[in-house]
Amino acid sequence: SHTITPPLYSGIIVNPDLYADFLQNAEFSSLNIGGAARYFRKFKRGIFNNELILLSANENIFSGVQLTPKNSTQSEQPSNFDNQLTYSRSIVSNRATISYNVSEKLALSAGLSTVSLNLKLKDPVVNRVSTLYRWFFLPSAGLSRNLTNSGKLSLSYSAGYQLPVINQLYQQLILGSNRDFIVGSADLNTAINHNASISFSKNNLVKNKLLYFASANYSSRGITYLTNSIITAFYTVKENIVTDRRNGDFILLSRVEKYWKPLRSNFSLDVTAGRQYNFNLIDDILFSSRNTAYSLAFQVKSGFDRFFNFQARVRFSETIGKNRSEQSSGARFANQQLNPSAKLIFDPGKKIIFDYSVEALSITDAEGNKSSVIFHDFNFKYLVKKDKVDIVLTGRNLSNRRSFVFSTVTPLSETTSLNRLLPRFVLLQLNWRF
């Protein structure tokens, strides 16, 4: 329920200054019924697998608004907030796959999914019934090659399908917050997605001293849901729009590990990089954004026999983006995050285990504003009887930080998030297993 000031919803509600109260009721329900059958056969050099899946799903959204006039107790119900949407999906999918070992070093796989879709959208408010029936034939293929000196190369490709969800389909306004109205698209659209990946691993890189793994993945979506945000001084209308604009993401992962015997510890370095393209409309102007994100994480884990071990990790990540519109080339922005952590583990005997951890998080937005927080936690466990009875003492948020605020800034928006944290507590548990 929201109290309305006279100009607040002008343009959406006729004569808003006549009303004292705005009450919205919204209800979502879903029912899913499905089943699967599988046939599996193993032969001399491979495996054949066939899986049949049946799914029937039914989802409903009911919403409405009651306006109470200032000088009356008789409420009114504007029609542009009335949703009575039913979205039904019937899916029959059969997936057949075969894997074949050509030799000890080479393995191949192939598959084909046959999918029958029957979608139905019923909206009595606007007196509309939409149906869509589609067949999809979705191939997949893979190759795995064992290389010399403990190396392995893998390639894979798969196709999938994309369906709209009910939150993208309702046609009347729903109040998402005290100033954001959301409305969906009227279209039932489906599309084929593509995913391709390559990976390489080697257990004895650089004279048998390093373990190395790297992978690259590219995914492409056949349809894109855009949000057209119509912004006014007192409210925003966000309209979901379906386009056939293809959209793709790319991500690269790499990991190097080294066990150093003098310290009896394992060292690892993880590098992640990715690129993502997004499209949105603001006041009917198309904006495209290209975001490049990368992260570096260095970690050390000890492997001592008893009494004491430690873990330490430092992770740095940055997101660099650029927004463009039909009217300008846009501006660049960057948001950074630093996340160091450490953990000490004490295991003096067979009955007692104690660990203490500290973790810090520092976020710097595109304007140089920095927010940081530090957490301290511990766990103490006493084994009264192995696999039967133990006592656990747990402490969380020992510094008693109650909230954490951070911001993300782009040329199009500035988002400030307030995270409420659970206050400091110490919990004593008795676990008794029968």
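**Figure 1. Where the charges sit in this predicted model.** The protein carries 50 positive and 30 negative charges. Take the mean position of each group, and the two points turn out to be 16 Å apart.

**Figure 2. The overall dimensions of the protein.** Picture a box drawn around the C-alpha atoms along the principal axes: its sides would be roughly 80 × 60 × 60 Å. How does the radius of gyration compare with that of a compact globule of 434 residues? The protein has 28 Å, while such a globule would have a value near 22 Å.

**Figure 3. Strands, a helix and the contacts of the chain.** As you follow the chain, you will meet 24 strands and 1 helix. Now look at contacts with a separation of 6 or more: 57% of them join residues that are 24 or more positions apart.

**Figure 4. The surface and the buried residues.** The protein exposes about 25,600 Å², and carbon and sulfur atoms supply 55% of that area. Of the 434 residues, 30% are buried.

**Figure 5. A close look at Gln 168.** You can find Gln 168 in the loop that links β7 (151-162) to β8 (174-175). Is Gln 168 buried or exposed? Its relative accessible area is 18%, so Gln 168 counts as buried, a label given to values under 20%.

**Figure 6. The contacts of Gln 168.** Which residues does Gln 168 touch, once its neighbours within four places in sequence are set aside? Gln 168 is in contact with Gly 184, Ser 185, Tyr 225 and Asn 240.

How values were computed:
Residues numbered from 1 in each chain as written. Predicted model: local features only at pLDDT ≥ 70, side-chain atom pairs only at ≥ 80, totals over all residues. Heavy atoms only, no water. Helix = DSSP H or I, 4+ residues; strand = E, 2+ residues; numbered from the N terminus. Rg over C-alpha atoms; globule rule 2.2 N^0.38 Å. Buried < 20%, exposed > 50% of the residue type's maximum accessible area, 1.4 Å probe, protein only. Contact = heavy atoms within 4.5 Å. Areas by Shrake-Rupley, 256 points an atom, 1.4 Å probe, with all protein chains shown as cover. Lys, Arg positive; Asp, Glu negative; His and termini not counted. Charge placed at Lys NZ, Arg CZ, Asp CG, Glu CD.
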